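Visitor: I would like a close look at one part of this protein: the main sheet and what packs around it. Please keep it brisk.

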Amino acid sequence: MNFSATKTILVTGGLGYIGSHTVVMLLEQGFSVVIVDNLSNSQAFIEERIREVADGTLQVYIEDVTNEKALEAIFQKHDIAGVLHFAAHKAVGESMQKPLEYYHNNISGLISLLACMKKYEVDNIIFSSSCTVYGEAEQLPINEQAPFQEAASVYGRTKQIAEHILHDFANACSKKIVSLRYFNPVGAHPSARLGELPGGIPDNLVPYITQTAAGVREYLFVFGNDYPTRDGTAIRDYIYIMDLADAHVLALQRLLSLNFEDFQSPEIYNLGTGRGYTVLEVISAFEKASGTELPYKFAPKREGDVTAAYADNKKAKEELGWQANTSLEYALSTAWKWEQAYRSEQSGS
């Protein structure tokens, strides 16, 4: 069944890293897409890149999701079938230094969006959540039934609060909600026209690696080498960005195909590979994928970082028909191609 025919999907944060790759896949599947993005952690030229790699109907609004009046105007103009909500501040370390900014943007933005959904009778939303909701998990791999532990960061706490809000909203307003708890997205579109482009010093490991390899950073700093892990560095589950985008399309098709009565709202899925890699293992995989030796130094642990997190992804396989099929080495090779292409364009060579 073609659920995409004539369906318009609102994507908040659609010019950002995860949002832009997902928009490409939505367009390829025949959906019309409306993007709302305030460019706080994205660049305007990404719209042009999306249009380069995917055909389809795309409308972009440079607006902030916390501006409910601006959102209302967009809901009035478009017949929106569903929402993918990516727009949020997302740096763990930064969240500890700027808690009010994180609470305002991540929580107030969600509330404004849900208010518009209620007013304009939009019944479907996919929420961009995070494995940080689990805190320092008691058992690995982490499944969806794992209880929320005390969040290790303000960022993680905003995601916990947001999921509670969505649960209450679903029950009170009969809305279909899917919450996708990501582990660590990495890599770039195979075209090397889209990729991760953080502002300032990267908070995530892989863009820090690629910027160091490209000479933008002198060293990669590895935060902590005395974790109780196989080599002393933290363990994470790294998922290829296009695999992650695919999961959103499958989740959206599920939302659009089921009635509320047949839906356990909110539905929650972990998105990860099911395998954890240490930071040093990721460095080694990148060196192999790129043929580039990476200079790095150890630094103190960062506040808010947990020891290990990797997914039990059985539920996503069984209910969405999804799994991550891409190797870490391939994902890192696409990240490196993106970094090289972007730096080459910036230098005019």
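Guide: Here is a walk through the sheet, then the helices, the cores and the unusual backbone spots.

Keep in mind that this is a predicted model.

Start with the sheet. Seven strands form an open sheet, described as an open sheet of 7 strands with parallel pairing. The order is β3-β2-β1-β4-β5-β6-β11. The edges are held by β3 (58-61) and β11. Each of these two has a single partner strand, so one side of each is left without a neighbour in the sheet. From one strand to the next, the twist averages 20 degrees.

Now take one pair inside that order. Strand β1 covers residues 8-12, and strand β2 covers residues 32-36. The two run parallel and are joined by 5 bridges. At one point along the pair, threonine 12 stands opposite valine 36 of β2.

In general, strands of a sheet pair through backbone hydrogen bonds, either parallel or antiparallel. The antiparallel sense appears in another sheet of this model, between β9 and β12. That sheet is open, has 3 strands and shows mixed pairing. Its order is β12-β9-β14. Strands β12 (277-278) and β14 (308-309) are its edges, and each pairs on one side only. Strand β9 (residues 235-236) meets β12 over 2 bridges. Isoleucine 235 has threonine 278 of β12 as its bridge partner.

Back to the 7-stranded sheet. Helix α6 lies across β5, β6 and β11. Relative to β5, α6 runs at about 155 degrees.

Next, helix against helix. Helix α1 (residues 17-28) packs on helix α2 (residues 46-53) at an angle of about 35 degrees. Their axes are 10 Å apart. The crossing of α1 past α2 is right-handed. From α1 come Ser20, Val23, Val24, Leu27 and Glu28. From α2 come Ile46, Ile50 and Val53. By class, the contact holds 6 nonpolar, 1 polar and 1 charged residues.

Helix α3 (residues 68-77) and helix α5 (residues 99-119) make another pair. Their axes come within 10 Å and cross at roughly 35 degrees. Here too the crossing is right-handed, with α3 passing α5. On the α3 side, the contact uses Glu68, Leu71, Glu72 and Phe75. On the α5 side, it uses Ser112, Leu113, Ala115, Cys116, Met117 and Lys119. The class count for this contact is 6 nonpolar, 1 polar and 3 charged residues.

What sits inside? The largest nonpolar core has 66 residues. Leu26, Ile50 and Leu271 have the most contacts inside that core. Helix α8 gives the most to this core, with 10 residues. A second, separate core has 25 residues, including Leu10, Val83, Phe127 and Phe169.

Isoleucine 50 deserves its own stop. Leaving aside residues up to four places away in sequence, isoleucine 50 touches Gly14, Leu15, Ser20, Val23, Val24, Leu27, Ile35, Leu58 and Leu194. Among these, Ser20, Val23, Val24 and Leu27 belong to the α1 side of the α1 and α2 contact. So the residue links two parts of this tour: isoleucine 50 is in the helix contact, and Ile50 is also named in the largest nonpolar core.

Last, the backbone between the elements. Most residues other than glycine have a negative phi, and most peptide bonds are trans. Four places in this model depart from that pattern.

Two are cis bonds. The peptide bond from leucine 140 to proline 141 is cis, with omega near -5 degrees. Proline 141 sits in the loop between β5 (124-130) and α6 (154-173). The bond from serine 265 to proline 266 is also cis, with omega near -5 degrees. Proline 266 sits in the loop between α8 (241-257) and β11 (267-271).

Two are positive phi values. Glutamate 121 is not a glycine, yet its phi is about 55 degrees. Glutamate 121 lies in the loop between α5 and β5. Its relative accessible area is 65%, so glutamate 121 is exposed. Serine 174 also has a positive phi, near 55 degrees. Serine 174 is in the loop between α6 and β6 (176-182). At 39% relative accessibility, serine 174 counts as partly exposed.

Definitions and conventions
Residues are numbered from 1 along each chain as its sequence is written. This is a predicted model: local features need pLDDT of at least 70, side-chain atom pairs count only at pLDDT 80 or more; totals for chains, interfaces and linings use all residues. Side-chain values use heavy atoms; hydrogens and water are left out. Axes are lines fitted to C-alpha atoms, for helices over the stretch in contact, and angles run from 0 to 180 degrees between N-to-C directions. Helices (H or I, at least four residues) and strands (E, at least two) are DSSP runs, numbered from the N terminus. A crossing is left-handed if the near helix is turned anticlockwise from the far one by less than a right angle, and right-handed if clockwise. Contact means heavy atoms within 4.5 Å. Ala, Val, Leu, Ile, Met, Phe, Trp, Tyr, Cys and Pro count as nonpolar, Asp, Glu, Lys and Arg as charged, and the others, Gly among them, as polar. Buried means under 20% relative accessible area, exposed over 50%, partly exposed in between (1.4 Å probe, protein chains only). Two strands pair if DSSP finds at least two bridges between them. A nonpolar core is a set of buried Ala, Val, Leu, Ile, Met, Phe, Trp, Tyr and Cys residues joined through side-chain atoms within 4.5 Å.
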